[in-house]
Amino acid sequence: MLPLPDAQRYIDRYSQPDKIEFRMDVEANWPVKFWETDAAMAAMLMLLAAVDEGLGGWLFGITHGERDLLDHFGVPRYLRPIGILGFGYRAEDEEPTGSWTRRRRRPLEDQVHRNGWPAGRGDPRT
């Protein structure tokens, strides 16, 4: 599955009389590219639906050959995918090997901040 956000559809919609007052009829006025956000949320919903149906699913980026792939499927040149969704069943003899099997996740308290950031805990990247 190729999630393909289309900025022009959003701009066209916000150019309509009932939306024009928001001044979102120009791409540069959008504080966030919601067409990409919406495509990502739709991808997540597809991944969750796959799990509900007993499938595995993953989203991965296209590191090379993107245009060749898009041309193969006749995707217009003005569209670019946010990645590729793959779906399938695990083979009976398959053992998980991804990095998640070897790397621990960050502690929850490093990922979720309730009512603010803890005192004395600045940006660890600085």
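## D6 and its partners

R9 and D6 pair up through their side chains in a salt bridge, with N and O 3.4 Å apart. Keep in mind that this is a predicted model. The two ends sit in quite different settings: R9 is exposed at 63% relative accessible area, while D6 is buried at 13%.

D6 belongs to the segment before α1 (7-13). Its side chain also reaches the backbone nitrogen of Q8, at 3.1 Å. Beyond four places in sequence, D6 touches W35, Y78 and L79.

## Around W35

W35 has a busy neighbourhood too. Setting aside residues within four places in sequence, W35 contacts P5, D6, A7, Y10, E27 and W30. W35 is also one of the five residues in the largest nonpolar core, along with A7, I11, M24 and W30.

## More salt bridges

The count of salt bridges comes to five. One of them joins E66 and R80, at 2.7 Å from N to O. That pair links distant parts of the chain, 14 residues apart: E66 is in helix α3 (residues 66-72), and R80 is in the loop between α3 and β2 (84-88). E66 counts as buried because its relative accessible area, 16%, is under 20%. R80, at 54%, is exposed.

D71 and R67 form another, with their closest N and O atoms 2.9 Å apart. Both lie in helix α3, four residues apart, or about one turn of the helix. Shared partners join R67, D71 and R77 into one salt-bridge network.

## A nonpolar patch

On the surface, M44, L45 and L48 make a nonpolar patch of about 310 Å². L48 sits in helix α2 (residues 34-52) and is partly exposed, at 47%.

How values were computed:
Residues numbered from 1 in each chain as written. Predicted model: local features only at pLDDT ≥ 70, side-chain atom pairs only at ≥ 80, totals over all residues. Heavy atoms only, no water. Patch = residues over 30% accessible without salt bridge, like charges linked within 9 Å, V, L, I, M, F, W, Y side chains within 5 Å. Areas by Shrake-Rupley, 256 points an atom, 1.4 Å probe, with all protein chains shown as cover. Salt bridge = Lys/Arg side-chain N within 4 Å of Asp/Glu carboxyl O. Helix = DSSP H or I, 4+ residues; strand = E, 2+ residues; numbered from the N terminus. Buried < 20%, exposed > 50% of the residue type's maximum accessible area, 1.4 Å probe, protein only. Core = buried A, V, L, I, M, F, W, Y, C linked by side-chain atoms within 4.5 Å. Contact = heavy atoms within 4.5 Å. Polar contact = N/O pair within 3.5 Å; in protein donor to acceptor, adjacent residues only side chain to side chain.
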